[in-house]
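Let's take a look at how strands and helices fit together in this chain. Keep the structure open while you read.

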Amino acid sequence: MALLGQRSDVGEFRRRYRWLVLAAISAFLILVGRLAQLQIVQGDLHRAQARKNIVRERSLATTRGVIRDTEGRVLAANRPSYNVHMAPADVDLVETWPRVVKLLGLEEPEKSLLEAKIKEIQAMPAKGLSPREEKRRGQQVLLKVDVDRDIIAYLETHARELRGVEVSPQPVRYYPYGELGAHSIGYMREVGAEDLVRLEERGYRAGDRLGAVGVERRWESYLRGVRGFKKIVRGVSRRDDVQEVEARYLEEPRRVEPIPGRDISLTLDIDMITSIDKAFRGQLAGAVVVVDVRTGRILAASSKPSFDVNVASGGNGVQAVADTFRRLNADPLKPSLDKTISAAYPPGSTYKPFTALAALADRLIDPTTEVDCHGGYEYGKRFFRCTGVHRKVHLHEAIVQSCNTYFYELGARVSIDKLASVGLDYGFGVKTGIGINPEARGRMPTRSWYTRRYKEAFRGGFTLLSAIGQGATTVTVLQLALAYAALANGGTLYQPQVVRSIETSDGTVVQEFPPRVRRLIEPDQEHLNWVKSALEGVVTEKEGTAYKERIAGVDIAGKTGTAQVSHVTPRGVDPGKVWYFNRDHAWFSGYAPSRSPEIAIVVLVEHGGGGGKNAGPVAMRVVRDWQKMKEKRLSSKDEPAPSGSRPN
Amino acid sequence: MALGGRMMFRRGPAVDMPLLLGVVAIVTLGLVNLYSATSVYADTETRARLADIYVSQVYWMVVGGLLAIFVAAIDYRHYERFAGVLYAGGVVSCALVFVLGSNVRGSSRWIQLGSFTFQPSEFMKILLVLMVARHVHNDHKNEPRTLVDLAIPGLLILVPVGLVMAQPDLGTGLIMSLSSATVLLMTRIRKRTLVAIVGAAGTTSVLAWNHAMKQYQKDRITSFLDPEHDKTGIGWHALQSQTAIGNGQFLGEGFMQGTQNQFGFLPDQFSDFPFAVFAEDWGFVGCLLLLCLYCFVCVWAIHVASQAKDRFGAALATGVGALIFWHAVFNIGMAIGVLPVVGVTLPLFSYGGSSVVTTLVGLGLLMNVSMRR
């Protein structure tokens, strides 16, 4: 003991021990306090976060509703397509990658870019990444869209050897009729980044598609369906105790099935649209609308030039979509414009029946009123030209021969406001509310409109121009068709309809849309009959402007129109083609059959020239095809119905 | 020497049973927990590596235990004489790191010795405690110590701390300073001197922040203060650790059931964050038990110190207790988000041969003092 030195003085330390013990215990108490906070007070919060870390919600895609025409033929459906992705972190660059490149036919520079990406991600450490890096590491990379079925089958049978390569089904919208009725049916587009802010709360995600135009856009919320989801535990596929792990960590419901979108049956008849397309072949641009005069249902709407909605929807890939729209937007014939609804044109002489009705309503004329046409009309200092010299004409001849002089005389007698008010009664100058595409209002000019517009005294000449459907008066093709339908049915203006009913995917009707009357115009039936007999005369009488274009056996009444265009050529048009854009618009508006009308038809041939010669034949042929079709359907209804009432 | 040996046998095995049981309990929990931490669900390659980690930890426990028995067997007063030599050797090996050291993650801490590596800074902790204890032992003084009196121990501390900090290994440097300072605090120090030292330490840290610290070291501190807006990922680690601990709730997820650990959300789960693994598996109840064990060992060390028959023994026991205390408080504190993430091991829980052996040798010394009071 002595060897090991003196027992030293430990008294100096005595008073310190108590303090050290106190300090140590308080330090541990602080730790315990914090632990109690984390584990007991905030325990549920942290448990939830821990679960969130390991549980992933995989969404289950829904199927978009099918769009059918009035006869149940499919206008828009879904076609399966398969995209191939890879998880860069799992791809074997030596074994798997060269096989994938060969299978999918990946080429430079895409191949090198993807390879660089794999290398970059594989260089990242597996652990200790920030959430952003983690996300980047886990991100799937798209290799190829719409891959051939044979290749998909190969990929799936060799899935075990090709780790990190994944196939995902991605339904693509398919339109069997391509260009036909494109504007009304519409197409799909991908949700853009800027829309996403607005659409996210409605459940859209990046990469989703939604209806961009037409019925696809208007009825998006019905067609779309509701996405389902299934919960999975992260990386569970690599574990051998899947069941156990899932039962432990996944809260109910673990799986919610998607709800398929609603199917939509349209009032459109694709046969009629086909026949319009045929009848229109000789013309470059224009629009046709056919409505059922007894319901306001639109049987056909066609706008030319059209485009293939399959390509516009992305059926041929993203690049094709971009190319298509670049081409469409550059075309001076404006293929992407729905000319049945979205553009207003001067109606020309097809408006004359409404001028006549306005003058008759104000008792300014009667059928015996006689006007002497010398090839024009002198009003103030101006001479208003007629299409020819018609000599003495009454109301009937004036409509049949389309005598402008007679209507200038009416224009001199009737007030512009009366013209406008009758026009408004027949649905001009206001949107019809069809809703599938942006709608032009058209214009029924009034005295106050002119005053506002020209900031000078109103001139009577304006009324004269409006009386023959020129001047500031513009209408849409659809408005004109509905107005002629109202003439034909004795004065009922219907709400136009494109959708007949909404069904669930198994065919149960969810909602039907009965015809809706917009307004009972209540015109004097006698006046109406005078006008209608004149419209019949346009086709049947020798002097009629459409007489030459009549087809034997086609029973149609109507009015031709040749609308002068303001000489404004669209921008970017080849000077050699300016003559085309200065040509008049050709119109034919009418209904059939003439005595007991069922359909109203309006044909506009943009820059087609004379109405009778250019628009008339189109209408005649469409009505001829419609008559044939009607006969065929009547006779087939007598036969026993074929099995399976629902064509798919 | 011969007399000392005979004396030990004469007195028989006066083993400090409470201390022994406490340490055995911690060792057991530590090994159980490391098993959980190394059995995360991963690919075969990773799993094999983790299994190796576990087995080698067991080996180191055995080696450390044997060393502890050896260290405890020789009367601690012999160490007082050799403290200077040991200390010098430690400082030299700390310096050698810069020459021979293998660089791991931006700092050179390890020396390759045959087939295994060791970390001189770990052993330096215990050697420094020995040296400071020796100084306190020989430095009799009745009046409170002044700055001049503290110059020599200050220098003794600063040399190895400086070397370790330069590696750079902030955590070890911090632990070394704090534990040797704790030993010095046992002596009477003038109040003015104390204030001056605290002031100097404060100034040094500010200067270090501005001029000497590496960006990643600063990031650790800033990410601690604002973990949500952390760019480095360190704050994210701290948050994941807290989530794991909170996820344990009252009774825990169960052994090897903690999802944060099993699904790989814990960074360095066997070296820096073993406590998070433990807390997630065993919950508040388990944590309370573990904290009580650590607290017991620390308090018991002070008890042993108070019973020691000389200044060296008292200072040594206090030093070993302080080492355990600061390690535990810093490691757990960082896991539960009350202290910034500095690389400090959890005694007998964290994986690492040097750390395990050092801790066990330290505890052997404590046992030594306890057996000879």
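## Helices on a sheet

This is a predicted model. In it, helix H3 (residues 96–104) of chain A lies across E4, E5 and E6 of chain A, and its run makes about 45 degrees with E5(A). Then there's helix H6 (residues 149–157) of chain A, which also packs on the sheet. H6 of chain A touches E4 and E6 of chain A, and its direction is at about 130 degrees to that of E6(A).

## The sheet underneath

So what order do the strands of the open sheet come in? Reading across, you get E5-E4-E6 (chain A), three strands with antiparallel pairing. Strand E5 (141–144) and strand E6 (165–169) of chain A each have a single partner strand, so one side of each has no neighbour in the sheet. On average, neighbouring strands here are turned by 40 degrees against each other, ignoring direction.

Zoom in on strand E4 (residues 82–86) of chain A: three bridges tie this strand to E5(A), and the two run antiparallel. One pair to look for is Val84(A) with its bridge partner in E5(A), Lys144(A).

## A hairpin and another partner

Now find strand E2 (residues 67–68) and strand E3 (residues 74–79) of chain A, an antiparallel pair joined by two bridges. Arg68(A) has Val74(A) in E3(A) as its bridge partner. Together E2(A) and E3(A) make a hairpin, with five residues between them. In the turn sits Gly72(A), whose phi is positive, at about 85 degrees.

E3(A) also pairs with strand E7 (residues 172–174) of chain A, through three bridges and again antiparallel. There, Asn78(A) stands opposite Arg173(A) of E7(A).

Definitions and conventions:
Residues are numbered from 1 along each chain as its sequence is written. Chains are lettered from A and ligands numbered from 1 in the order in which they are written. This is a predicted model: local features need pLDDT of at least 70, side-chain atom pairs count only at pLDDT 80 or more; totals for chains, interfaces and linings use all residues. Side-chain values use heavy atoms; hydrogens and water are left out. Two strands pair if DSSP finds at least two bridges between them. Helices (H or I, at least four residues) and strands (E, at least two) are DSSP runs, numbered from the N terminus. Axes are lines fitted to C-alpha atoms, for helices over the stretch in contact, and angles run from 0 to 180 degrees between N-to-C directions. Contact means heavy atoms within 4.5 Å.
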